[in-house]
Amino acid sequence: MRELFCDVAVIGAGTAGIAAHRAALDAGARAVLIEQGPGGTTCARVGCMPSKLLITAAEAAQEARAAHRLGIRVGEVQVDGPAMLARIRALRDRFVGSVLEGLDGLPQETRLHGRAVFEGPDCLRIDDHTRLRFKAAVLATGSSPSVPEPLQGLGHRVLTTDTVFEIEDLPASLAVLGAGPVGLELAQAMARLGVATSVFDPGDSLGGLSDPDLKRAAREIFSQSFDLHLGAKVESGAAGEEGAHLGWNGAGGQGDGTFDRVLAAAGRPPNVAGIGLEQTGVTLNDEGGPVHDLHSLACEGAPILIAGDANADRPVLHEASRQGRIAGRNAARLARGEAAARPERWVALAMVFSDPQIAVIGGGFDPEADYRIGRADFCDQGRAQVMDRAQGGIRLYAGDDGCLAAAELIGPEVEHLGHLLAYAVQDGLDVRRLRDRPFYHPTLEEGLATALSELADR
Ligand SMILES: Cc1cc2nc3c(=O)[nH]c(=O)nc-3n(C[C@H](O)[C@H](O)[C@H](O)COP(=O)(O)OP(=O)(O)OC[C@H]3O[C@@H](n4cnc5c(N)ncnc54)[C@H](O)[C@@H]3O)c2cc1C
C-alpha cells in the first residue's frame, strides 16, 4: 500500500466535494479529492437534472392535453416512453460529461479513486491501495436513497432515484412511497406521462409544506393529478407475476393493490455509516453523524468538516455548493493551524418543481412561533387566471419587529417569488417597505403585493 500526505483530504466528488476541493486548492492547500464511484455528481447523474428533464416532458404532455381549455385543439396526446427516456439519458450524459471534464483539468496527483475509510483522526485508507495522511478532511459523501423494509424482497419491481431514469419504457402503474419533494415531483410527472400513479405517505403533508391552509390546498390539487394516500403507511410487499402487491394502513385508510413498479422516495440518509468515523474522535449524534457547527461546518473533536447532503442539514444543491466552499476554505485554515471561520448562514430555501410549484422560505410555517400572517390566493389572482393556472396561495410570516421571517407558497411559477422572498428574509426587510415597492401589472407578483398589504395592516 502506498503512503501519501496532503493538507486537505476531500471525501466525495459530488457538488460539495468538488467545491471544497477547489476552495482548498485556491487557499494554497495541497488538497486531494477522493471518489469511490463513477462521479459526475448526484445532481447531474440521478438528481436535479434528470428529474427536471422528466418533468419538462410531462409538462409538455399536460399542456397539450389542457390546450382545449384555451380553445386550442391538438388532437390525441401520445407519449413515446422510450424516446422520452432516451432524451433524458442523452442530456443527462451531457451534464455528467461536463462535470467530469471540469475535473479532468485538475492535476492527476490531486485526485484518487476508491472508497475512503478513516483509520484515525489524520489518516484515511482508500480501498487497499493508498493510505493518505491529512491535516484536515472534508466529509462530502452525500446521501443515498433508502428502501423501506416492505419493499426489500420485491427485486426488479423496486426503483429508486438511482435507477428510475435507467428504465427503457414507462411502467403501466407505479406506487410512489414518499410525498416529499422528490416523491411529489416524480409522481406527478409519471402521472402526466400516462402512468397510473399512486402515492403513499404516513404524514399529512406534500412537498414539505407545513402551513395548514396550504397543506389542505395541496391535498386537493394533487389528488386530482394522481391517486393520493396521505396518512397511509405501506406495511407489506410481495412480488408476484402481475407485479408488486402492496398493503397499506393508517389514519388515511387501509387497502392493498398491485403495481408494475414501486418507487422508493421515502428519504435519503446521509452516507456516514461504515466510513470509520468512530476512529477519528469526532462526537457522534444519535443518527451516527458527526456533531458539527452549522456555520463553520467543523465537527466536534477532530479536524474534519462536513458539507452537503452528508450533514443532512439542508439537502439541496445550492447549499451543497456553498457549504463545500466554506468547508474547503476552513479545512485549509485548520491545516495551517488557524481557527475556522463562521460565515452567516443563508436563509433556508427549498423548492418543489411540481405543478403548481412549491417554495418554502426560512423554514416556512412554525406552529410554535407567534407570527403575523399575510395571505393571498392564486385562485382569484388576475395573471394566474389568464394563464389558466389559478391554484394555490401565498402565506407570509412576520415577527413583532415587522420584518419578514418566513414564507410558504404553492402556485404557478413560484420559484421566482420564492427567490425574491428569500432575499427579503435574508436582508431582514421590513414588511411595510416591501409593500411600498413597484409591482408590475398583470403579474403573479401582484399576489405578493396582496399578501404584503394584509401583513402590513396586521
Ligand atoms: C431525484 C432528485 C432530485 C433533486 N432535485 C433537486 C433540485 O431540483 N434542486 C436542488 O437544489 N436539489 C435537488 N436534489 C438534491 C441535490 O441533488 C443534492 O442536495 C446534492 O446533489 C448533494 O450534493 P453532495 O455533494 O452533498 O452529494 P453527492 O453529489 O451525492 O456527492 C457525494 C459523493 O461522495 C461519494 N462517496 C460517498 N462515500 C464515499 C467514500 N467513503 N469514499 C469516496 N467517495 C465517497 C459518492 O460516490 C458521491 O459521488 C435532488 C435530489 C434527487 C435525488
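A salt bridge here is a side-chain nitrogen of Lys or Arg within 4 Å of a carboxyl oxygen of Asp or Glu. Keep that in mind as you work through this predicted model.

**Exercise 1.** Find out which domains the protein chain has, and how far apart the C-alpha centres of domain 2 and domain 3 lie.

*Solution.* Start with the assignment: domain 1 covers 2-36 + 114-144 + 269-335, domain 2 covers 149-264 and domain 3 covers 349-456. Next, take the C-alpha centres of domain 2 and domain 3, which are 29 Å apart. Then look at who takes part in the contact: 18 residues come from domain 2 and 18 residues from domain 3.

**Exercise 2.** Work out how much area is buried between domain 2 and domain 3, and which three residues of domain 2 supply the most.

*Solution.* The buried area comes to about 1400 Å². Carbon and sulfur atoms account for 61% of that. On the domain 2 side, pick out Glu185, Leu214 and Ile221: together they supply 34% of what domain 2 buries against domain 3, more than any other three residues.

**Exercise 3.** Decide whether Arg192 and Asp355 pass the salt-bridge rule, then describe the side of domain 2 that touches domain 3.

*Solution.* Check the N to O distance between the two side chains: it's 2.9 Å, and the limit is 4 Å, so Arg192 and Asp355 do form a salt bridge. Across the whole interface of domain 2 and domain 3, the rule finds 3 salt bridges. There are also 7 residue pairs in polar contact between these domains.

Now for the elements: helix 5 (181-192) and helix 6 (212-222) each give two or more residues to this side of domain 2. Helix 6 gives the most, with 6 residues. Finally, sort that side by type, and you get 9 nonpolar, 5 polar and 4 charged residues.

Terms used
Residues numbered from 1 in each chain as written. Predicted model: local features only at pLDDT ≥ 70, side-chain atom pairs only at ≥ 80, totals over all residues. Heavy atoms only, no water. Domains from an automatic or database assignment. Contact = heavy atoms within 4.5 Å. Buried area = accessible area lost by both parts, 1.4 Å probe. Polar contact = N/O pair within 3.5 Å; in protein donor to acceptor, adjacent residues only side chain to side chain. Helix = DSSP H or I, 4+ residues; strand = E, 2+ residues; numbered from the N terminus. Nonpolar A, V, L, I, M, F, W, Y, C, P; charged D, E, K, R; others polar.
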